[in-house]
Amino acid sequence: MIILKHLKVDDVSYVSHKDILRVLQRGLKRAKIDVKYSQGYVPHMLTYTTTPVPLGVQSKAEYFAIDCLQTDKDDVMRRYNESMPQGMRAVDCFYKDKNPNLAGIVVASDYIATCANNLPKEIEKIKDLKSYVITLRKKGGETEKDVSSLIYDLKVDGNNLYMRLASGNDNLRADAFIENINSKFSCDIKINDIARTAQLVNVCGELKDVEEFLK
């Protein structure tokens, strides 16, 4: 099993997750990587991704697991980068005997959101609140949700907001949270100024970067 850590930046950040999967799988074919297929009436490539970032949000830490015959991770990474757009290039690669099932074990993501002006330090106090309700837009209307348990950490440094938010099965979308911040604190953070910088798994009660976990 080869796991690629790749980017989703620049214009690629506006490509939907469904289309990203198509680009990834077509890139594997161009790279002549021997990917295994499922059995059954409609075989499909055995590839796996983690929870995607919202449309327009950039990422420096996307993971793409490939069940393939190759074991030389450096060769797979080289072939992959030769076949993919610059905004999706791989920045690291790992080999595991078995699928680590990152989609099932990632519990949080780190983000940085950048504003044109300095951000109020009061934003940091949100993480200490016992209840924090935001409005979420969904098909068919809006709904309110208490997201206090989904906010792991917030830190303001000048015009940058560093966020650690729940990801995976219990997920707090970075764009929805920033929309609330913009409204509540009169900020002007654009969706493309949000970037995921890391994904984290829970190891014995401690959050660990996926990259460190795979190594």
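## Close-up views of a predicted model

**View 1. I123 and its contacts.** Leaving out residues up to four places away in sequence, I123 touches L154, V156, L161, I181, F185 and C187. The model shown here, and in every view below, is predicted.

**View 2. The largest nonpolar core.** This core holds 30 residues. I123, I126, I151, L161, M163, F177 and I194 touch the most other members. Two or more residues come from each of β5 (106–114), β6 (133–138), β8, β9 and α4. Helix α4 gives the most, with 6 residues. A second core, separate from this one, has 20 residues. V35, F64, M84 and M88 are among them.

**View 3. The hairpin of β8 and β9.** Strand β8 spans residues 151–157, and strand β9 spans residues 160–166. The two strands pair in the antiparallel sense, over 6 bridges. Across the pair, K155 of the hairpin stands opposite Y162 in β9. Between the strands lie 2 residues. In this hairpin G158 takes a positive phi near 65°.

**View 4. N180 in helix α4.** Helix α4 covers residues 174–185 and contains N180. Is N180 buried or exposed? N180 is buried, because its relative accessible area is 17%, and buried means under 20%. Residues up to four places away in sequence aside, N180 touches Y132, V133 and I134.

**View 5. G168 in a loop.** G168 sits in the loop between β9 and α4. G168 has 15% relative accessibility, so this loop residue counts as buried. Beyond its neighbours within four places in sequence, G168 is in contact with T51 and V106. L102 is 66 residues from G168 in sequence. In space, their C-alpha atoms are 9.1 Å apart.

**View 6. K5 in strand β1.** Strand β1 runs over residues 2–8 and includes K5. K5 has a relative accessible area of 10%, so this lysine is buried. Which residues does K5 touch, not counting residues up to four places away in sequence? They are K60, A61, E62, Y63, R89, A90, V91, D92, F94 and E211. One of these contacts, E211, is 206 residues from K5 in sequence. C-alpha to C-alpha, K5 and E211 are 8.1 Å apart in space.

**View 7. Helix α2 and its buried residues.** Helix α2 comprises residues 73–83. Its buried residues are D75, V76, M77, Y80 and S83. What do the buried residues of α2 pack against? They pack against β1, α1 (17–30) and β4 (90–95). At the start of the helix, D72 reaches towards D74. A side-chain oxygen of D72 comes to within 3.2 Å of the backbone nitrogen of D74.

**View 8. Q199 in strand β10.** Strand β10 takes in residues 194–203, with Q199 among them. Q199 counts as buried because its relative accessibility is 0%. Its side chain makes a polar contact of 3.0 Å with the side chain of T50. Not counting residues up to four places away in sequence, Q199 touches T50, A61, E62, Y63, V106, A108, S109, K208, D209 and V210.

Conventions: Residues numbered from 1 in each chain as written. Predicted model: local features only at pLDDT ≥ 70, side-chain atom pairs only at ≥ 80, totals over all residues. Heavy atoms only, no water. Pairing = 2+ DSSP bridges. Helix = DSSP H or I, 4+ residues; strand = E, 2+ residues; numbered from the N terminus. Buried < 20%, exposed > 50% of the residue type's maximum accessible area, 1.4 Å probe, protein only. Contact = heavy atoms within 4.5 Å. Core = buried A, V, L, I, M, F, W, Y, C linked by side-chain atoms within 4.5 Å. Polar contact = N/O pair within 3.5 Å; in protein donor to acceptor, adjacent residues only side chain to side chain.
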